[in-house]
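Visitor: I am new to this structure and should be grateful for a close look at a single part of it. Please also describe enough of the surroundings for me to place that part.

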Amino acid sequence: MLALISFRSVSLAWFRAIPRWSTAVALVFMASPALAQQPQETLRPDTMAARVAACTACHGAQGKAGADGYYPRLAGKPQDYLYHQLLNFRDGRRQYRPMTHLLAGLPDDYLREMAAHFAGQHVPYPAPARADVSAATLEAGRKLAMQGDAARGLPACASCHGAALGGMLPAIPGLLGLPRDYIGAQIGSWKNGLRRAAAPDCMADISNKLTPTDIGALAAWLSSQPVAESYAPDAADSVRLPAECGSQAQR
């Protein structure tokens, strides 16, 4: 998945990982009837297309998101955020076996270039799905996202992820354009310890204060918001975060 490393210069760790990647790609394609029926382009091992085939099989072409409402968009996310997530999957801080299997043994520099590739992809966002919930639920989600709940020590999502919820460099992702099921699942993973980040893990602290009703409202409201053409992460340190987050300091 590295744009800048030729096939000849890929490390020994990559060659050891090839069987895992080949098996994973084959399983992904066999598991999807639509993909299996499509003629597949022959992939040269020294091209970016070959290196990201295992990613785009689930996350969509250019990382624009999978079609099943669970695999998130990778395209245009902050490079450091994507890099941290690859590290977290590889090193066991995020629990999802297919990702851990794909990334096991891959060196940090390789993961950095994977992250750089997807961060540089800019493709249009689809129209948001309509949330089949009550107006009261949507309003509760909006308030949590944009205002927080001071009585419970809950900062607004916007206080870290930006006023337009587009994220903040170097490593805070945007929250719009994500499937409702994915948002709910990730907050639940933080609550249950299946997803962790560099300490201090501010998202784990926040997630633990959210109720199931809060999570459902947030997921419904965030996933139903349209994404503007200007949607992009804010500049680094453009606002003072309400809590210390290890991922922002991690490099």
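Guide: The account below begins with the whole chain, turns to one pair of helices, and then visits several other sites. The model is a predicted one, in which local features need pLDDT of at least 70 and side-chain atom pairs count only at pLDDT 80 or more, while totals for chains, interfaces and linings use all residues. Residues are numbered from 1 along each chain as its sequence is written, and side-chain values use heavy atoms, with hydrogens and water left out.

The protein contains 13 helices and zero strands; here helices are DSSP runs of H or I with at least four residues, strands are runs of E with at least two, and both are numbered from the N terminus. Of its 251 residues, 45% are buried, where buried means under 20% relative accessible area, exposed over 50%, and partly exposed in between, for a 1.4 Å probe and protein chains only. About 13000 Å² of the protein is exposed, and carbon and sulfur atoms supply 57% of that area, as computed by the Shrake-Rupley method with a 1.4 Å probe. Among contacts with a separation of 6 or more, 70% join residues 24 or more positions apart; a contact means heavy atoms within 4.5 Å.

The part chosen for the close look is the meeting of α8 and α12. Two packed helices are described by the angle between their axes and the distance between the axes. Helix α8 covers residues 135-146 and helix α12 covers residues 212-223; their axes come within 7 Å and cross at roughly 90°. This makes α8 roughly perpendicular to α12. The axes are lines fitted to C-alpha atoms, for helices over the stretch in contact, with angles from 0 to 180 degrees between N-to-C directions. Angles of 65 to 115 degrees count as roughly perpendicular, those under 35 as roughly parallel, those over 145 as roughly antiparallel, and the rest as oblique.

Which residues of the two helices meet? From α8 come Thr137, Leu138, Ala140, Gly141, Arg142, Leu144, Ala145 and Met146, and from α12 come Asp214, Ala217, Leu218, Ala220, Trp221 and Leu222. By class, ten residues of this contact are nonpolar, two are polar and two are charged. Ala, Val, Leu, Ile, Met, Phe, Trp, Tyr, Cys and Pro count as nonpolar, Asp, Glu, Lys and Arg as charged, and the others, Gly among them, as polar.

Arg142 of this contact also takes part in a salt bridge with glutamate 139, at 2.8 Å from N to O. A salt bridge is a side-chain nitrogen of Lys or Arg within 4 Å of a carboxyl oxygen of Asp or Glu. Both partners lie in α8, three residues apart, which is about one turn of the helix. Glutamate 139 is partly exposed at 31% relative accessibility, as is arginine 142 at 26%.

By the same rule, the count comes to six salt bridges. One of them joins arginine 152 and aspartate 149 at 2.9 Å from N to O; arginine 152 is partly exposed at 32%, and aspartate 149 is partly exposed at 22%. Another joins aspartate 91 and arginine 93 at 3.7 Å. These two residues belong to a network of salt bridges that links Arg90, Asp91, Arg93 and Asp108.

The loops complete the picture. Proline 78, in the loop between α4 (53-59) and α5 (79-91), is buried, with a relative accessible area of 3%. Its C-alpha atom is 7.0 Å from that of isoleucine 172, although the two are 94 residues apart along the chain. Beyond residues up to four places away in sequence, proline 78 touches Ala119, Leu169, Pro170, Ala171, Ile172, Pro173 and Pro233. Two of these, leucine 169 and proline 170, are joined by a cis peptide bond with omega near 5°, and proline 170 sits in the loop between α9 (158-161) and α10 (180-191). Alanine 199 and proline 200 are also joined by a cis peptide bond, with omega about -5°.
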